Amino acid sequence: MTLWRWILPFGVILVVVESRLLEGLYCGRENCYDVLNLTRDATKQEISRNYRRLAKDNHPDLHRTEKAKEEATEKFKAIATAYEILRDEGSRADYDYMLDNPQEYYAHYYRYYRRRVAPKVDVRLVVFVTITVISLIQYFSWVQRYESAIKYFMTVPKYRNRALEIAQQQESSRSNVKKTGKQRLSKTEQKEETDKLIRKIIEENMDIQGAYAKPSVWDVLWIQLIISPYTITKWLAWNIRWFWKFILLRQPYGDEEKYFIIRKYMKIGQHKFNAIDEETKKEYLDLELWKKENFNQWKIEQEEAMKKELAQKPSYRSIRRYMKSHGPGRITFED
């Protein structure tokens, strides 16, 4: 008897909690089908027809007194809520499941709010647009950097004069007819034509590598994602080949493998390594920098040479003298 005295109140509490949870879901304590005067096998056309008729009959503007308007407003909201739930196939299926399984109130709570807070826009569309925007930004930023590199080389006397020499050689090999009258170009037009020719020659003969290389659509994010299966397969095959040839069979490295090890030790990317001139790369091979001990020794020597070079610069020596006289805490923008 004492046991039932504790169990019964606890059961009543569970029932009350369950009913309160269901009151905040869908149409609350009312049945959405009853609100629209429908049966559970009603079609979409019947749902829309009953909604329009009931919404028209219960519109708040049709009533004059405040009490009637309040009652009509509540009724109108209930009709609109029922229609929103039943017109969508997904929410209607969740609601029918709740009617058939009322005891699973936690599952109904999850289903209801998952659908309510879910994004209205298709996630696939969002991902597609995001990747497209990133790809466009990538490509146009590369184009801008490439343009800045070309414009820079056009201002360097060494490359500009060389391009002019090539242009004169090309012009001399053709039959040149002197232009007269309207065919003759003004000084401004001649300068524009010369700049166009210099730019064309520099683009054809200058092999720009690294971050300022000529942009390629193959490097943008979209293309990389599309060819990612091929890239991953190629990467796996390369690593398997490396493990088989150079770890198991202990075969000697080729030039490509030596360059890979040197680039790995230098901690630089492929584009930046490609920007190094061929003579310097050949020097790396002559010094056998793919061997760890040789690379460490070479790195120390490079750091020492850089320190000596800095020490010989007048600006660096003046900074050192200032620091020695005034201390590091005395330097300001006014100084």
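## Glu288 and its loop

Glu288 counts as partly exposed, because its relative accessibility is 31% and the partly exposed class runs between 20% and 50%. This value, like the others here, comes from a predicted model. Glu288 sits in the loop between helix 14 (278-286) and helix 15 (292-312).

The backbone of Glu288 deserves a look. Its phi is near 55°, a positive value in a residue other than glycine. Most residues other than glycine have a negative phi.

## Asn37 and Asn50

Asn37 has a positive phi too, of about 55°, and Asn37 is not a glycine. Where is Asn37 found? The loop between helix 2 (32-35) and helix 3 (44-57) holds Asn37.

Now turn to Asn50. This residue lies in helix 3. Is Asn50 buried or exposed? Asn50 is buried, because its relative accessibility is 9% and the cut-off for buried is under 20%. Leaving aside residues up to four places away in sequence, Asn50 touches Leu36, Asn37 and Leu38. Asn37, the loop residue with the positive phi, is thus one of the contacts of Asn50.

## The whole chain

The protein chain has 335 residues, and 22% of them count as buried. How many helices and strands are there? The chain has 16 helices and 0 strands.

Contacts also link distant parts of the sequence. Take the contacts in the chain with a separation of 6 or more. Residues 24 or more positions apart account for 61% of them.

## The disulfide

A disulfide is a covalent bond between the sulfur atoms of two cysteines. The model has 1 disulfide. Which residues does the disulfide join? The partners are Cys27 and Cys32, with 2.0 Å from S to S. That pair counts as a disulfide because its sulfur atoms lie within 2.5 Å.

The link of Cys27 and Cys32 is right-handed, with 110° about the S-S bond. Both ends are buried. Cys27 has a relative accessible area of 14%, and Cys32 has 0%. Both cysteines are classed this way because their values fall under 20%.

## Gln224

Gln224 belongs to helix 10 (residues 221-226). Gln224 is partly exposed, because its relative accessibility is 31% and that falls between 20% and 50%.

What does Gln224 touch, not counting residues up to four places away in sequence? The answer is Trp218 and Asp219. The side chain of Gln224 reaches the backbone oxygen of Trp218 at 2.5 Å. Ser135 is 89 residues from Gln224 along the chain. Yet the C-alpha atoms of Gln224 and Ser135 are separated by 9.9 Å.

## The largest pocket

The largest pocket holds about 660 Å³ of space. It is lined by 16 residues. Which of them are closest to its centre? They are Lys234, Trp238, Glu256, Arg263 and Gln270.

Three helices each supply at least two lining residues: helix 11 (228-248), helix 12 (255-266) and helix 13 (270-274). Helix 11 gives the most, with 6 residues. By class, the lining has 8 nonpolar, 3 polar and 5 charged residues.

Terms used:
Residues numbered from 1 in each chain as written. Predicted model: local features only at pLDDT ≥ 70, side-chain atom pairs only at ≥ 80, totals over all residues. Heavy atoms only, no water. Buried < 20%, exposed > 50% of the residue type's maximum accessible area, 1.4 Å probe, protein only. 1 Å grid on protein atoms, 1.4 Å probe; cavity = no way out; pocket = protein on both sides within 12 Å on 5 of 7 lines; lining within 4 Å. Points joined across faces, edges and corners; volume = space filled by probe spheres on them. Helix = DSSP H or I, 4+ residues; strand = E, 2+ residues; numbered from the N terminus. Nonpolar A, V, L, I, M, F, W, Y, C, P; charged D, E, K, R; others polar. Contact = heavy atoms within 4.5 Å. Polar contact = N/O pair within 3.5 Å; in protein donor to acceptor, adjacent residues only side chain to side chain.
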